[in-house]
Amino acid sequence: MEAVFMFFCTLLVWLMTPGIALFYGGMVRSKNVLSTAMYSFSSMAIISILWVVVGYSLAFAPGNAFIGSFDWTFLHSVGFDPNATYSDAIPHTLFMMFQMTFAILTVAIISGAFAERMNFAAYLIFIILWSLLVYSPVAHWVWGNGGWLRELGALDFAGGNVVHISSGVTGLVLAIVLGRRKEAENSSPHNLPLALIGGILVWFGWYGFNVGSALTIDNVAMAAFVNTNSAAAAGIIGWVAVEWLINKKPTMLGTISGAIAGLVSITPAAGFVTVGSALLIGFLGGAICFWAVFWLKGKLKYDDALDAFGLHGIGGIWGGIATGLFATTKINKLGADGLFYGNAGLLGKQLIAIGSTVVFVAIATIIIIYVIKIFIPIRVDEEQEYKGLDLTLHGEKAYHD
Amino acid sequence: MSNLTKIEIITRPNRFYEFQKALAEIGVSGLTVTKALGTGLEKGLIELYRGKKKETNVHERMKIEIVVSTVPVEAVLEVVKNTLRTGEPGDGKVFIYPVAEVIKISTGERGVDALQDHPKEK
């Protein structure tokens, strides 16, 4: 039964990346919708291969505190028999595939930050290097056998650090290094119903993401299920309440953004907190992410086109902190108590996990970008940007009148 | 100089069918209609995307072109007044031009004849 459950969860998480393609695709101008979707689909192509060849081994094979090893390259020793370190119930190959969908999704999330202006060839090289040098190590720190954050006792249920903080911070760095879009002020979503469909698929897939992270159907998995949906709903309320107050109008893009903000926020805490805490985490997550997107981005003037940092970076950081506040062993015996349950130590560990992830990811990303820059331009030229990436980089148009 | 006159009306799209009906009653059935965008005195609209404001004062309009000969121009203007005027900014404008010649492509008729709905049987 566990294997069937995990197979289904893996399929759900797989669906999130095409979901991101539609979600992001709808939010750009009509001349860039295909190039934006291409970022997601190329991550499915490239990371899938990278993962079975070496990425999974670097993340999950026995190694040191910071990285795995090459022992499981080409899935050597990864077979149908469970690997007890990760799960004694499901096939090791299934665990590997489940983790693969996370690795793919993380790369796709990043692409929201630099949509409408990054050179496609540079993007492909970037994701290969980033996945090996950033994603695999951070996944190893948090979940890997002997990973230092896992040993430290920091909690990250479904990938707050690994997926959301790492993708968000990477997106921010890329947005800053690439610079603002020429027409950033005039760029508005060309098809919000498309973004809505994508957002729904992302939300749907998130159940596999969070519930499946329990790796079995038990009380923790069901707590994660309830918490995930509750936080998403509360995230909508949090985002839209602030938006309605400040801008006088509740928007559809705000509701779907609020849901995603709530989902990101609950991800690290999903299997560790009560439903009351989940509601609060989601509600505040929606409000905080709206603040980041509306105020912080405008103030600091970086052009995070589709708010990869505003939603995933900020939401992930808040979720990591919230785990340190609200986690309780009443929900998960294998977890820990947070500050509000009398254990201030967990919050400290959470802050170490967040801080180290932010610093490592930012520095490694900067180095990768500057190395690529030596060989090829990472940004398209002005003419290409003006005409749109669909036509100039891919030779196709999304819409014909 | 011919007595052909072109009347070009730029106005809100939402009153178009009422306007077309009233025109038919005074004998005008041939119209050319184009969806148009324009700016004028009407206030702008604000779009909001994740709190990012985009203010635009370009509004959706309809451009209606009519060429008349036997129907008096004043009668058309009366219909315009009765059906399109709200008194608010955004009602639009009417432009009137003399027309040098009209040719009906299917029959080759020229001038006033070219504008008739039913060509004379010959």
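Start with the cysteines: across all chains of this predicted model, the disulfide count is zero. Select A:Cys9, and you're looking at a buried residue, with 3% relative accessibility. Then jump to A:Cys289, buried as well, at 0%.

**The aromatic rings**

Next up are the rings. There are 30 aromatic pairs over all chains. For one of them, select A:Phe98 and A:Phe102: the pair is edge-to-face, with 4.9 Å from centre to centre and 65° between the planes. Where do A:Phe98 and A:Phe102 sit relative to each other in helix α3 of chain A? They are four residues apart in that helix (residues 92–110), so about one helical turn separates them. A:Phe98 has 1% relative accessibility and counts as buried; A:Phe102, at 0%, is buried too.

Now move to A:Trp130 and A:Tyr135. Their ring centres are 6.4 Å apart and the planes meet at 45°, so this pair is tilted. A:Trp130 is buried at 0% relative accessibility, and A:Tyr135 is buried at 1%.

Keep those two selected and add A:Trp51, A:Tyr56, A:Phe60, A:Trp72, A:Tyr86 and A:Phe95: together with A:Trp130 and A:Tyr135 they make up one aromatic cluster.

Hop over to chain B for a ring with a charge above it. The charged end of B:Lys6 sits over the ring of B:Tyr97, 5.5 Å from the ring centre.

**The salt bridges**

Time for charged pairs: the structure has 16 salt bridges over all chains. Pick A:Arg181 and A:Glu116, whose side chains meet in one of them at 2.4 Å, N to O. This pair links distant parts of the chain, 65 residues apart: A:Arg181 is in the loop between α6 (160–178) and α7 (192–211), and A:Glu116 is in the loop between α3 and α4 (120–143). Both residues are buried.

Stay on A:Arg181 and add A:Asp303. They form a salt bridge too, with the closest N and O atoms 2.8 Å apart. A:Asp303 lies in the loop between α10 (275–300) and α11 (308–326), so this bridge ties together parts of chain A that are 122 residues apart in sequence. Again, A:Arg181 and A:Asp303 are both buried.

To see the wider network of salt bridges, select A:Arg29, A:Lys31, A:Glu116, A:Arg181, A:Glu183 and A:Asp303, which are linked in it.

Last stop: A:Asp307 and B:Arg50. Their salt bridge has its closest N and O atoms 3.0 Å apart. What does this pair join? A:Asp307 is in the loop between α10 and α11 of chain A, while B:Arg50 is in the loop between β3 (45–49) and β4 (52–56) of chain B, so the pair joins two chains. Both A:Asp307 and B:Arg50 are buried.

Terms used:
Residues numbered from 1 in each chain as written. Chains lettered and ligands numbered in written order. Predicted model: local features only at pLDDT ≥ 70, side-chain atom pairs only at ≥ 80, totals over all residues. Heavy atoms only, no water. Disulfide = S-S within 2.5 Å. Buried < 20%, exposed > 50% of the residue type's maximum accessible area, 1.4 Å probe, protein only. Phe/Tyr/Trp six-rings, centres within 6.5 Å; stacked < 30°, edge-to-face > 60°. Lys NZ or Arg CZ within 6 Å of the ring centre and 35° of its normal. Salt bridge = Lys/Arg side-chain N within 4 Å of Asp/Glu carboxyl O.
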